[in-house]
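Here are my notes for your read-through. Please go through the points with the model open beside you.

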Amino acid sequence: MRKAKPKKRIILPDPVFGDVSVTKFVNHLMYDGKKNTSFEIFYESLEKVKGKLPNEEMSALEIWKKALDNITPQVEVKSKRIGGATFQVPTEIRADRKESISMKNMISYARKRGGKSMSDKLSAEIVDAFNSTGGAFKRKEDMHRMAEANRAFAHFRF
């Protein structure tokens, strides 16, 4: 490679829970550098999640983490051109990319939802993902289905 690998940036934990994954999620949620607004939206949505699932013994943060686990894909398909033909080759996903994909899917499907505020939409998407339903969960299932359908081309993985 001609260029050096870029340095991994150190992400500081969030102020309320002291969790780095919360900060990563808020960074994906953020528009135009408005980090405080993103934190407010996230914390407000966790409060609403706790209100929607009152009989759950887990904390709101644990519910959010379980929801992320439910929508985290294990495999994806990548296009490989071999001998004039393009194949959809199923490949396993790196751990940091898994986390990033699941967060981005949750946020994008929350944005597409109908609802009053972003915190309402995000809390609804978190509850749906926790219950293994909703748009982000369907996206994960579709990714897995595509990989399963193209399993015959797995030997092109290199």
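**Notes on packing and salt bridges**

1. Start with helix α3, which spans residues 60–70. Its buried residues are A60, L61, I63, W64, A67, L68 and N70. Keep in mind that this is a predicted model.

2. What do the buried residues of α3 pack against? They meet five helices: α1 (20–29), α2 (35–52), α4 (95–112), α5 (118–130) and α6 (135–149).

3. Next, look at S38. This serine sits in helix α2. Is S38 buried or exposed? Its relative accessible area is 4%, and buried means under 20%, so S38 counts as buried. Leaving aside residues up to four places away in sequence, S38 touches V26, L29, M30 and Y31.

4. Now the charged pairs. How many salt bridges does a search of the whole structure find? The search gives 12. Three of them are taken up below, in points 5 to 7.

5. K24 and E99 join their side chains in a salt bridge, at 3.2 Å from N to O. This pair links distant parts of the chain. K24 belongs to helix α1 and E99 to helix α4, and the two are 75 residues apart. K24 is partly exposed, at 27% relative accessible area. E99 is also classed as partly exposed, with 25% relative accessibility.

6. Helix α6 has a pair within its own length: D142 and K138. Their side chains form a salt bridge, 3.5 Å from N to O. Why are D142 and K138 separated by about one helical turn? Because they are four residues apart in helix α6. An α-helix has 3.6 residues a turn, so residues three or four places apart point the same way. D142 is partly exposed, with a relative accessible area of 28%. K138 is exposed, at 52%.

7. D142 has R145 as a salt-bridge partner too. Here the closest N and O atoms are 2.8 Å apart. D142 and R145 lie three residues apart in helix α6, so about one helical turn separates them. R145 is exposed, with a relative accessible area of 52%.

8. One network deserves its own entry. K8, R94 and D96 are joined into one network by salt bridges that share partners.

9. To go back over this on screen, begin with S38, buried in the model. Then find K24 in helix α1 and E99 in helix α4. Finish at D142 in helix α6, with its salt bridges to K138 and to R145.

Definitions and conventions. Residues are numbered from 1 along each chain as its sequence is written. This is a predicted model: local features need pLDDT of at least 70, side-chain atom pairs count only at pLDDT 80 or more; totals for chains, interfaces and linings use all residues. Side-chain values use heavy atoms; hydrogens and water are left out. Buried means under 20% relative accessible area, exposed over 50%, partly exposed in between (1.4 Å probe, protein chains only). Contact means heavy atoms within 4.5 Å. A salt bridge is a side-chain nitrogen of Lys or Arg within 4 Å of a carboxyl oxygen of Asp or Glu.
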